[in-house]
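Trainee: I would like a close look at a single part of this structure. Please take the chain that you would start with and go through it slowly, then show me how the rest sits around it.

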Amino acid sequence: MTDQRSQAEIVRQSLKRRYRKERRFRAYGILAIAIALSALVILFADIIGKGYSGFVKTTVTLDVQLDGEMMYIDDASDERQLKMADFVEPLIQALMKEIPGATEEDRDAVRDLINPYASVTLRDALQANPDWLGTTQTMTFLTHTDVDVYVKHGDDDAYSIKLTEEQQAWVDRLLEQGAIDTSFNDVFFSNGDSRDPSKAGVLGAIVGSLLTMFVTLVLSFPIGVAAAIYLEEFAPQNKFTDFIEVNINNLAAVPSIIFGLLGLAVFINLFGMPRSVPVVGGLVLTLMTLPTIIISSRAAIKSVPPSIREAAEGIGASKMQVVLHHVLPLAMPGMLTGSIIGMAQALGETAPLLLIGMVAFIVDVPDGFFDSATVLPVQVFLWAGSPELAFIERASAAIMVLLTFLISMNALAIWMRKRLERRW
Amino acid sequence: MQASTLLLLTFVLALVAYGLGYSRSRSLAMPLGGIRHLKSLPFYYGARAALWCIIPGLLVLGMWAAFQDKVIQMLVIGSLPAELVPDTEGTASLLLSKISNVASGALPPGFVEPPVAEAAERLKALRQQSQVYMTALVISVSVLAGFLGWLRIRPRLNARAQVEAILKWLFFACAALAILTTMGIIFSVAFETFRFFGKISFVEFFFGTNWSPQTALRADQVAAEGAFGMIPLFTGTLLISLIAMVVAVPVGLLSAIYLSEYANKRVRSTVKPLLEMLAGIPTVVYGFFAALTVAPFISDLAASLGIEASSQSALAAGSVMGIMIIPFVSSLSDDVINAVPQTLRDGSLALGATQSETMKKVIFPAALPGIMGGILLAVSRAIGETMIVVMAAGLAANLTANPLETVTTVTVQIVTLLTGDQEFDSAKTLAAFALGAMLFLATLLLNVIALKIVRKYREQYD
């Protein structure tokens with residue numbers, strides 16, 4: 001009796017301690033989740049904080065006097081004259097007019113406010129409208145990257161402002177007057193890469209990514225589905241089938257960079273395919289995503305109930321007819337969902353593409369599967385490695401574009417799973 | 001004709017073959033009294049003719065396209081005058097790129113020796129010839145095979161069985177591609193690795209503690225040898241993976257436990273997808289985050305504490321890699337914890353144990369093998385991870401265990417050695433393949449062990 005009571009007493013006394021332990025354990029769990037989620041939040045906040053300004057461009061609006069004498073040109077429809085003419089001078093003159101205190105000695109300082117490519121813009125405009133010669137036109141140009149950085153990040157210590165005090169005062173004035181203005185950065189979405197941050201865009205990388213993804217999808221989806229059908233429906237129970245399965249499972253866990261080595265050794269060295277083209281990138285990514293697609297397609301085929309098969313077989317369909325006419329259409333939503341997720345992985349993949357040479361600096365937007373190209377994640381990698389902070393801003397903006405693609409692909413997959421997938 | 005247009009044409013030919021086969025089977029069936037006297041439906045006769053047409057055509061096209069460049073290059077090199085014939089692979093590739101540059105018009109012919117310009121002309125001519133031959137061959141093979149297939153259509157022919165057999169073989173080929181890929185990886189990596197060990201001794205590679213891959217441009221260059229000891233790379237990889245595991249295992253495991261044992265359905269259904277988002281973020285984004293945010297933060301923090309930290313510390317790369325691996329660990333442990341039978345849980349709770357005691361003393365030991373398997377899989381992930389370390393870890397191969405110093409990893413070295421143009425016979429490029437072979441073996445081994453553990457454990461409760 002006493003023994004029992006003392007035991008109960010011990011238990012009761014220990015209860016407080018045990019409950020405290022229990023609460024602590026729970027708190028650890030919550031803490032772990034909080035750490036993981038805060039990492040996610042910090043990551044997103046960091047990228048958005050660094051990159052939102054990449055979607056903004058700084059422009060300067062000038063009344064440009066297209067004086068033929070100053071530009072050494074008398075006929076704007078003459079190609080040769082257009083090539084020889086001076087398109088920088090009218091820009092400098094126009095900007096000088098906006099800055100009251102500027103003298104001839106400040107010419108170089110004034111010129112450094114305008115983007116080096118602005119003269120090209122002016123030439124193209126004159127080429128398109130030869131009758132503008134001799135008139136004054138109000139036109140908008142990109143500012144120099146240094147001005148862009150100053151306007152956006154003038155009060156941020158992390159950025160080094162390269163403008164002189166005098167230039168800064170001018171820019172402040174022009175901002176007040178409204179000559180210098182910020183607007184949505186359409187250049188970022190309509191240009192390829194460039195050495196000048198304010199002219200650099202992601203269009204080339206997006207097109208490269210789309211071309212590469214197209215090759216990947218066209219190859220990996222049919223092959224993956226066919227392989228899944230074979231393994232689920234036709235494969236005999238033998239050692240060879242086991243061997244195939246072991247291979248698929250292992251390939252799913254092989255580091256992606258190994259696929260890059262394979263692509264380099266086989267596609268480029270053995271077959272002599274060109275470097276840095278979307279076709280080779282697509283082939284490598286196909287090999288990499290195939291295991292994912294095969295595994296998810298097999299799960300989708302498995303989830304089709306046997307009653308469907310039996311009913312079709314019962315009315316005399318052959319095995320192949322059962323599969324192609326009945327099982328495959330029912331499993332299709334699941335297969336598509338798996339493939340979209342596989343594609344999303346492939347879209348974010350960088351390492352194997354570095355090895356097959358898709359890291360080259362490419363200005364032009366690729367116009368075919370055999371044209372040198374780069375892809376979005378590699379573009380991020382290239383810009384992130386640049387010492388110029390203006391490029392870091394572009395890299396963050398490119399990450400946001402990439403994440404938008406990925407999130408919408410995953411959302412599509414989730415939506416398809418909810419809407420189309422049948423539960424039996 | 002271009003290979004891509006030719007591909008399209010083959011498909012058109014197959015479509016024509018389908019139509020012809022279909023109509024022939026019908027017209028053969030008409031005198032017999034309708035298609036019910038055919039062994040198969042007309043569709044299958046058409047499909048059979050199409051397959052007969054397209055498969056040989058595609059095979060020829062694929063082989064030709066794969067090997068034409070190599071053959072043409074050999075022919076061009078072979079026809080060069082004796083004094084220009086390259087003696088090493090390096091000069092051969094240089095010469096070839098020179099010739100193809102001239103042929104493509106990037107380099108004016110006047111800039112090079114006359115024989116090279118001639119070779120460029122020959123290259124152009126051979127390419128054109130090759131295209132003509134390819135077009136003629138593919139079209140004639142397709143048409144001939146399609147015609148044969150069409151000719152052999154008989155009412156008694158079981159076209160369905162044949163079509164299905166071909167399809168089955170096609171499906172099999174797709175499944176067997178996995179084997180081909182593995183073989184491709186093994187052979188491509190192994191071949192270059194053997195060549196590497198022909199130049200650098202086994203002992204130096206495995207036991208050398210100095211890594212500075214250089215190849216001599218001149219024979220008498222200082223430090224021309226280069227050092228290929230993989231130990232610093234290996235320890236660097238392990239250090240970063242260890243840091244990643246220190247972050248990922250506790251966080252991943254504890255959040256899995258909380259989600260599976262404590263959280264209600266609503267919390268679970270919101271937190272789980274959010275955690276999985278971490279797994280969906282591309283590694284280049286993590287690399288960006290590690291290199292530009294975490295690494296400066298760590299070195300600033302260390303500086304304010306009076307410790308010296310490198311701006312490319314192992315800690316930055318490792319901890320960010322850990323964050324990436326959290327969802328991997330948590331979803332694998334979640335599966336394992338959920339697989340522990342409810343009866344064990346109920347038994348323990350009925351004896352008066354608290355939930356945490358049940359977790360720690362009953363479920364965790366039961367789930368331990370599975371969790372270990374999951375952790376091993378996560379380690380193999382960390383070892384093979386590339387972009388984070390390429391962007392955030394350094395290039396200097398230091399043999400150190402200090403997480404605040406710069407280390408380099410196997411994957412970083414593979415990428416640095418292989419990006420950009422390179423010749424394929426220097427020890428430097430071959431070293432990348434040797435490293436790739438080690439990486440492949442290590443991850444393969446870890447995966448096999450992990451899968452064995454997981455599988456063995458799963459059978460316990462079935």
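Mentor: What follows goes through chain A, then turns to the nonpolar cores and chain B.

This is a predicted model, in which local features need pLDDT of at least 70 and side-chain atom pairs count only at pLDDT 80 or more, while totals for chains, interfaces and linings use all residues. Residues are numbered from 1 along each chain as its sequence is written, and chains are lettered from A and ligands numbered from 1 in the order in which they are written.

Chain A has 18 helices and three strands (DSSP runs numbered from the N terminus: helices are H or I with at least four residues, strands are E with at least two). Strand β1 of chain A, residues 56-65, pairs with two partners, β3(A) and β2(A); strands pair if DSSP finds at least two bridges between them. With β3(A), residues 180-184, the pairing is antiparallel over five bridges, and Val56(A) stands opposite Phe184(A) there. With β2(A), residues 136-142, the pairing is also antiparallel, over seven bridges; Val60(A) has Phe141(A) as its bridge partner in that strand. In a regular strand, side chains alternate between the two faces of the sheet.

An automatic or database domain assignment divides chain A into domain 1 (56-184) and domain 2 (203-420). Their centres, taken over C-alpha atoms, are 46 Å apart. The C-alpha atoms of the chain fill a box of roughly 105 × 75 × 40 Å along the principal axes. The radius of gyration of chain A is 31 Å, whereas a compact globule of 424 residues would have one near 22 Å (taken over C-alpha atoms; the globule rule is 2.2 Å times the number of residues to the power 0.38).

Of the 424 residues in chain A, 44% are buried (20 or more other C-beta atoms within 10 Å of their own; exposed means 12 or fewer, partly exposed in between, with C-beta atoms placed from the backbone).

The largest nonpolar core has 219 residues (a core is a set of buried Ala, Val, Leu, Ile, Met, Phe, Trp, Tyr and Cys residues joined through C-beta atoms within 7 Å). Those touching the most other members include Val380(A), Phe288(B) and Ala317(B). Apart from that core lies another of 20 residues, among them Tyr22(B) and Trp150(B).

Chain B is divided into domain 1 (3-157) and domain 2 (227-461), with C-alpha centres 48 Å apart.
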